[in-house]
Amino acid sequence: MAAETVLSSERLRRARFAVAAVFCVHGAVTGSFATRIPWIQEHAGVSAGQLGLALAFPALGASLSMPLAGRISHRFGARTALRGLLALWTLALTLPSLAPNVWGLCAALFVYGATAGMSDVAMNALGVETENRLGRSIMSSLHGMWSVGALLGSAAGTVAAHLGGDARLHHLIAALVLTVLGLAFCQGVLDPAPAEEEEAPPRFALPPRSALVIGAIGFCAVFAEGASLDWSAVYLRDELGGSAGLAAASTTAFALTMAVARLVGDRVVDRFGAVRTVRVGGVAATLGGVLVVLAPNAATAMAGFGLVGLGVAVVVPLAFAAAARSGPNPSQAIAGVATITYTSGLVAPSAIGGIADATSLVFSFGLVTALSFGLVLGAGVLRSASRTATAAPAGTDAAKSAGPVG
């Protein structure tokens, strides 16, 4: 039994590394795309307004496709499904740069978003499965690895753009490299078999009620994150007279704060639990929002944005973990929460802009502050999940009863 326990622990450690690497690959695709948007806009000959329309299509594609991920995983197996969906996502990176006009770009970004969403659900479901079998929190660090991948992809894209490289060639090379890496890493992830009594998920279904409640917490966090990422630089420049360089630095600092907080967040969750972590994070994000709204200078506002990033960083990973434990079909529940959070990320930038036009940017961030306080009030919905987060350690009978692993 001891030898079997050690072997199981080693297998789980390899699986954790593999799924973390998958998250990193997924993030690298996003980072690679984002840095070449100006090139894509110029190549397709689209205006700023047309580009804004096109950039709504990834979220639309993701929202419509994510409910399908559970069915695909049930039909082909978790590992095979992840392998196929991740490959489709990495290869979809080549499509936007090939678009000849705005309608081609919309179509390309719809496919890009659809493959992103389905692979996102598949890898999060396997992340939660790995977390359950390890018996300790890892979801925060997995999302931290996604942020690391996005930063790496952005760095490579920045170099390619600086050298004046054609985005079609850049994205083709990046897609091929990331596809090979993704397929290799997928070999190491767990491959849990569904329970014999488990029915196949429907081809398409509305999110379960539990996912709607948990998704509301994710909505608040992603709204605050999206608003801060997209508008912090504008806020510092227009409201506080910050320089262009300082304004740009605020966005980078916010992204780094999020990444670091997620990488170390699992230790905090294991120590204090999901509910307390989100509640304290909500307090930090609310205080950050207050600092932003009342900031007399750029430095104070940057500190406020940093607190917002620190406060919301681990909420979405914990929401995914809670959703997976909230019902009999983890992929369907995760898809529900993911759909809500993607919608929040789509709504936030335009909502902040619309409110700012009608009132002021300061008033807009008052809304962000109120939603951040919603994390304090709503953290309790994660309570049932936090109680099951400490699943049986690897090698115990409880862990083995979770189902066979490839």
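Two rings of Phe, Tyr or Trp count as an aromatic pair if their centres lie within 6.5 Å. In this predicted model, a search of the whole structure finds seven such pairs. One of them joins Phe33 and Tyr112. The ring centres are 4.9 Å apart, and the planes meet at 45°. The pair is classed as tilted. Phe33 belongs to helix H1 (residues 2-34), while Tyr112 belongs to helix H7 (residues 102-134). The two parts are 79 residues apart in sequence, so the pair ties them together.

Both partners can be placed by their accessibility. Phe33 has 7% relative accessibility and therefore counts as buried. Tyr112 has 5% and is also classed as buried. The rings of Phe305 and Phe365 form a further pair, with centres 5.5 Å apart. Their planes stand at 80°, so this pair is edge-to-face. The cut-off for that class is an angle over 60 degrees. Phe305 lies in helix H13 (residues 298-312) and Phe365 in helix H16 (residues 361-378). With their positions 60 residues apart, the pair links distant parts of the chain. Phe305 and Phe365 are both buried.

Aromatic residues also gather in a group. Phe33 and Tyr112 share one aromatic cluster with Trp89. Charged side chains meet rings elsewhere. Arg75 lies over the face of Phe76, 4.9 Å from the ring centre. Arg271 places its charged end over the ring of Phe272, and here the distance to the centre is 4.9 Å.

The overall fold is described next. The protein chain has 18 helices and zero strands. It contains 406 residues, and 50% of them are buried. Contacts in the chain were considered at a separation of 6 or more. Of these, 85% involve residues 24 or more positions apart. The chain exposes about 17,000 Å². Carbon and sulfur atoms supply 68% of that area.

Helix H14 (residues 315-324) illustrates burial within the chain. Ten of its ten residues are buried, so the helix is largely enclosed by the rest of the structure. The buried residues of H14 include Val315, Val316, Pro317, Leu318 and Phe320. Several alanines are buried in H14 as well, among them Ala319, Ala321 and Ala324.

The surface offers another view. A nonpolar patch of about 610 Å² is formed there by Leu91, Leu169, Leu172, Ile173, Leu176, Val177 and Leu181. Helix H9 (residues 167-186) gives the largest share of this patch, with six residues. Leu91 is located in helix H6 (residues 78-92). Its relative accessibility is 40%, so Leu91 counts as partly exposed. That value passes the patch cut-off, because patch residues need over 30% relative accessible area.

Val180 is another residue of helix H9. At 57% relative accessibility, Val180 counts as exposed, because the exposed class covers values over 50%. Val180 and Ala87 are 93 residues apart in sequence. In space, their C-alpha atoms are 8.4 Å apart.

Note on methods:
Residues numbered from 1 in each chain as written. Predicted model: local features only at pLDDT ≥ 70, side-chain atom pairs only at ≥ 80, totals over all residues. Heavy atoms only, no water. Patch = residues over 30% accessible without salt bridge, like charges linked within 9 Å, V, L, I, M, F, W, Y side chains within 5 Å. Areas by Shrake-Rupley, 256 points an atom, 1.4 Å probe, with all protein chains shown as cover. Salt bridge = Lys/Arg side-chain N within 4 Å of Asp/Glu carboxyl O. Helix = DSSP H or I, 4+ residues; strand = E, 2+ residues; numbered from the N terminus. Buried < 20%, exposed > 50% of the residue type's maximum accessible area, 1.4 Å probe, protein only. Phe/Tyr/Trp six-rings, centres within 6.5 Å; stacked < 30°, edge-to-face > 60°. Lys NZ or Arg CZ within 6 Å of the ring centre and 35° of its normal. Contact = heavy atoms within 4.5 Å.
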